[in-house]
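Work through the exercises below with the sequence and the structure side by side. Try each task before reading its solution.

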Amino acid sequence: MPARTAVVVAVLAAACASSDSSTAPANVATTTITLGPAEATSAYRPSGLPAAWSGFCPTASATSVILTAGNAYQVVNQSGRAVELITLPNRATIETINAGATGQKHVEYGAVSQASFTFTVTVTGCTDTQSGQGLFNVTVNSK
């Protein structure tokens, strides 16, 4: 009988271990955002800056990105120069992306206590200190 009990316990332990792996997240859906242009032009000029401004403040292919919690966004940089992505308002550096390179996937998780939250991503080297514009806003909806 003790041997039979040991087998049953082993089978139950294996079943419990396999059920834990079923809680792993499903495939992550990733939204790609492409940056550009490398130089400001009259068509793209952050508010309050003179027409001759030639700083670097790339635009993003999507100014507003909406994700479901557990999904991700990934930035593809233009070929002009490297960018360092930061978040506002805490100015924390997320990552540095070389010119022409693709950044890492940023998997976002929504807060349980609220339906969604939004944060802004911008870059260093952008001289738009007056208007506070960012590359894009990311809104994460809780599951």
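**Exercise 1: Burial of three aromatic residues**

Phenylalanine 119 has a relative accessibility of 14% and therefore counts as buried. The cut-offs are these: buried means under 20% relative accessible area, exposed over 50%, and partly exposed in between, with a 1.4 Å probe and protein chains only. This is a predicted model, in which local features need pLDDT of at least 70 and side-chain atom pairs count only at pLDDT 80 or more, while totals for chains, interfaces and linings use all residues. Residues are numbered from 1 along each chain as its sequence is written, and side-chain values use heavy atoms, with hydrogens and water left out.

Task: classify tyrosine 73 and phenylalanine 117 in the same way.

Solution. Step 1: tyrosine 73 has a relative accessible area of 1%, so tyrosine 73 is buried. Step 2: phenylalanine 117 has 23% relative accessibility, so phenylalanine 117 is partly exposed.

**Exercise 2: Ring pairs**

Task: find how many aromatic pairs the whole structure has, and classify the pair of tyrosine 73 and phenylalanine 119.

Solution. Step 1: recall that a pair of aromatic rings is described by the distance of the centres and the angle of the planes. Step 2: apply the rule that rings of Phe, Tyr and Trp (its six-membered ring) pair if their centres lie within 6.5 Å; planes under 30 degrees apart count as stacked, over 60 as edge-to-face and the rest as tilted. Step 3: the search of the whole structure gives three aromatic pairs. Step 4: for tyrosine 73 and phenylalanine 119, the ring centres are 6.4 Å apart and the planes stand at 50 degrees, so this pair is tilted. Step 5: tyrosine 73 lies in strand β4 (residues 72–76) and phenylalanine 119 in strand β8 (residues 116–123), so the pair links distant parts of the chain, 46 residues apart. Strands (E, at least two residues) and helices (H or I, at least four) are DSSP runs, numbered from the N terminus. Step 6: the rings of phenylalanine 117 and phenylalanine 119 have centres 6.1 Å apart and planes at 25 degrees, so that pair is stacked. Step 7: Tyr73, Phe117, Phe119 and Phe136 form one aromatic cluster.

**Exercise 3: The core and strand β9**

Task: which residues have the most contacts inside the largest nonpolar core, and what does threonine 139 touch?

Solution. Step 1: a nonpolar core is a set of buried Ala, Val, Leu, Ile, Met, Phe, Trp, Tyr and Cys residues joined through side-chain atoms within 4.5 Å. Step 2: the largest one has 20 residues, and Tyr73, Leu85, Phe136 and Val138 have the most contacts inside it. Step 3: at least two residues of this core come from each of β1, β3 (64–68), β4, β5 (83–88), β8 and β9 (136–141). Step 4: contact means heavy atoms within 4.5 Å. Leaving aside neighbours within four places in sequence, valine 138 is in contact with residues including Val65, Tyr73 and Phe119. Step 5: threonine 139 is in strand β9 and, at 16% relative accessibility, counts as buried. With the neighbours within four places again left aside, threonine 139 is in contact with Val65, Ile66, Leu67, Ser116, Phe117 and Thr118.
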